[in-house]
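Here is a brief report on one protein model. Keep the sequence and the coordinates open while reading.

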Amino acid sequence: MLIDLHLHSDFSIDAENSLEEMVEKAVALGLSAICFTEHLEFGPGDQEYGFLKPAAFLKAIEEAREKYQGEIIILSGVEFSEPHNYKKEFQETAAMGFDMIMAAVHSVDQMFFSDQALLEKYTPEEVYSSYYRLVLAAVQFGGFDVLAHLDFPKRYIKPEGEDRGVIEEILQTLIQKDIALEINTSLLRKGREETMPEEWILKFYADLGGKKVTIGSDAHRVGELGSHLEAAVQLVKKYDLSCGYYKNRRFHQVF
């Protein structure tokens, strides 16, 4: 089974294709399971704030499941930013019936990592230090199923040094709280040679006793769906990890 557990349809403001168009492409690719992880933001200054309509999204998921029954497993999810800062909203989201809740950190001081103002205010080292501390706070809060794209700032900012201490604390907390680590392949389609997180972090995770992972392309359009998943599968096998999907917030191992 080949699965893709990080997809965005036009229920996310930065995606291009409808949910049904994404499902049709996934079926054509022969994927066995997909999860739509639409952006859910509660920072008033974020462009996604208030954009996702959960009831309409879940209704579209049910309609797709009925139409493609027996062809593919279609799962509902959200990519919830900074859950530790929005505890009430997180608890409300957790009660909505999503199959999977993924958490992520996308900004520092409410500035996205592509924002030039961020590097005018902080050095790259300071950005990464702040980012990892925010990720640690999110993981310590917990309650979600998957941590998305650890080391995400490198999509925009070249890292300087490795803060192994806080990364180890993040990984150990994931293991203690039984939260899966995502292997995100989106950088590979951008011509880079590494996943998020990169391989040394996955090895670190495995060495600490971590097992549970998900894989995802982070596709925002049909042409990105399923991209470079084979590279993630190779990493799963190399470090003897357990890859699966979440349905009704329960992990189902695939390989």
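The report covers the sheet, the helices and a few local backbone features.

## The sheet

This model is predicted, not experimental. Its open sheet is built from 9 strands. Their order is β1-β2-β3-β4-β7-β8-β9-β10-β11, and the pairing is mixed. Which strands stand at the edges? They are β1 (3-7) and β11 (250-253). Each has a single partner strand, so one side of each is left without a neighbour in the sheet.

Strands of a sheet pair through backbone hydrogen bonds, either parallel or antiparallel. Both senses occur here. β8 (residues 180-184) and β9 (residues 212-216) pair in the parallel sense, over 4 bridges. Within this pair, Asn184 stands opposite Gly216 of β9. β10 and β11, by contrast, pair in the antiparallel sense, also over 4 bridges. Here Tyr245 has His252 in β11 as its bridge partner.

The β10 and β11 strands also form a hairpin, with 2 residues between them. Asn248 sits in that turn and has a positive phi of about 55 degrees.

## Helices on and beside the sheet

Helix α2 (residues 54-67) lies across three strands: β2 (33-40), β3 (73-81) and β10 (242-247). Relative to β3, the helix runs at about 160 degrees.

α2 also packs against α1. The angle between the two is about 35 degrees, and their axes are 10 Å apart. The crossing of α1 past α2 is right-handed. Which residues meet at this contact? From α1 come Leu19, Glu20, Val23 and Glu24. From α2 come Phe57, Ala60, Ile61, Ala64 and Lys67. By class, the contact residues divide into 6 nonpolar, no polar and 3 charged.

## Ser12 in its loop

Ser12 lies in the loop between β1 and α1 (19-29). Is Ser12 buried or exposed? Its relative accessibility is 1%, so Ser12 counts as buried, the cut-off being under 20%. The side chain of Ser12 reaches the backbone nitrogen of His39 at 3.0 Å. Leaving aside residues up to four places away in sequence, Ser12 touches Glu38, His39, Glu48 and Phe51.

## Unusual backbone sites

Two residues other than glycine with positive phi are set out below.

| Residue | Phi | Loop | Relative accessibility |
|---|---|---|---|
| His149 | near 25 degrees | between β7 (146-147) and α6 (164-177) | 1%, buried |
| Asp218 | near 60 degrees | between β9 and α8 (229-238) | 3%, buried |

Both sites sit in loops: His149 follows β7, and Asp218 follows β9. Both also fall under the 20% cut-off, so His149 counts as buried, and so does Asp218.

One further backbone feature is a cis peptide bond. Where is it? It joins Met196 and Pro197, with omega about 0 degrees. Pro197 is found in the loop between β8 and α7 (199-207).

## Putting the pieces together

β9 links several of these points. β9 pairs with β8 in the parallel sense, and Gly216 of β9 faces Asn184. The loop between β9 and α8 then holds Asp218, with its positive phi near 60 degrees.

β10 is a second meeting point. Helix α2 lies across β10, and β10 forms the hairpin with β11, which stands at an edge of the sheet.

Conventions:
Residues are numbered from 1 along each chain as its sequence is written. This is a predicted model: local features need pLDDT of at least 70, side-chain atom pairs count only at pLDDT 80 or more; totals for chains, interfaces and linings use all residues. Side-chain values use heavy atoms; hydrogens and water are left out. Two strands pair if DSSP finds at least two bridges between them. Contact means heavy atoms within 4.5 Å. Axes are lines fitted to C-alpha atoms, for helices over the stretch in contact, and angles run from 0 to 180 degrees between N-to-C directions. Buried means under 20% relative accessible area, exposed over 50%, partly exposed in between (1.4 Å probe, protein chains only). A polar contact is a pair of N or O atoms within 3.5 Å; within protein, one must be able to donate a hydrogen and the other to accept it, and residues adjacent in sequence count only if both atoms are side-chain atoms. A crossing is left-handed if the near helix is turned anticlockwise from the far one by less than a right angle, and right-handed if clockwise. Ala, Val, Leu, Ile, Met, Phe, Trp, Tyr, Cys and Pro count as nonpolar, Asp, Glu, Lys and Arg as charged, and the others, Gly among them, as polar.
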